[in-house]
Amino acid sequence: MQKIDIEQIYSEHFKTVYKYLAGLTHSKEIAEDLTQETFYNAIKHINNFRWNVKFLYGYVK
């Protein structure tokens, strides 16, 4: 089984996910909340899937 470094995933993808959601919502506060939710859900289900970037961005939608 592949070891997943959650901190690395967060640091590498936080800014992109946040910017995407800020563009959709036009609200800093909502984008922050949704970014937090996205990472929470991704981490909560990370062992159910093989890791790749598409997995993370699937939670954005």
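These legends walk you through four close-up views of a predicted model. Residues are numbered from 1 along each chain as its sequence is written, and side-chain values use heavy atoms, with hydrogens and water left out. Because this is a predicted model, local features need pLDDT of at least 70 and side-chain atom pairs count only at pLDDT 80 or more, while totals for chains, interfaces and linings use all residues.

**View 1. Serine 27 sits in the loop between helix H1 (6-25) and helix H2 (28-44).** Helices here are DSSP runs of H or I with at least four residues, numbered from the N terminus. Serine 27 has a relative accessible area of 15%, so it is buried (buried means under 20% relative accessible area, exposed over 50%, and partly exposed in between, with a 1.4 Å probe and protein chains only). A polar atom of the serine 27 side chain lies 3.2 Å from the backbone nitrogen of isoleucine 30.

**View 2. Tyrosine 10 and phenylalanine 14 form a tilted ring pair in helix H1.** The structure holds 3 aromatic pairs. The ring centres of tyrosine 10 and phenylalanine 14 are 5.2 Å apart and the planes meet at 40°, which is why the pair is tilted (rings of Phe, Tyr and Trp, the last by its six-membered ring, pair if their centres lie within 6.5 Å; planes under 30 degrees apart count as stacked, over 60 as edge-to-face and the rest as tilted). These two residues are 4 apart in helix H1, so about one helical turn separates them. Both count as partly exposed, tyrosine 10 at 39% relative accessibility and phenylalanine 14 at 29%.

**View 3. Tyrosine 10 also pairs with phenylalanine 39.** This aromatic pair is edge-to-face, with 4.9 Å from centre to centre and 65° between the planes. Because tyrosine 10 lies in helix H1 and phenylalanine 39 in helix H2, the pair ties together parts that are 29 residues apart in sequence. Phenylalanine 39 counts as buried, at 5% relative accessibility. Which residues do the ring pairs link into a cluster? They are Tyr10, Phe14, Tyr18 and Phe39.

**View 4. Helix H2 has a buried side and a face turned away from it.** In H2, the residues Ala31, Thr35, Thr38, Phe39 and Ala42 are buried. They cover an arc of only 90° around the axis, so they lie on the same side of H2 (the arc is that of the directions from the helix axis to the C-beta atoms). On the face turned away from that buried side you will find the exposed residues Glu29, Gln36, Tyr40 and Lys44.

Key. A polar contact is a pair of N or O atoms within 3.5 Å; within protein, one must be able to donate a hydrogen and the other to accept it, and residues adjacent in sequence count only if both atoms are side-chain atoms.
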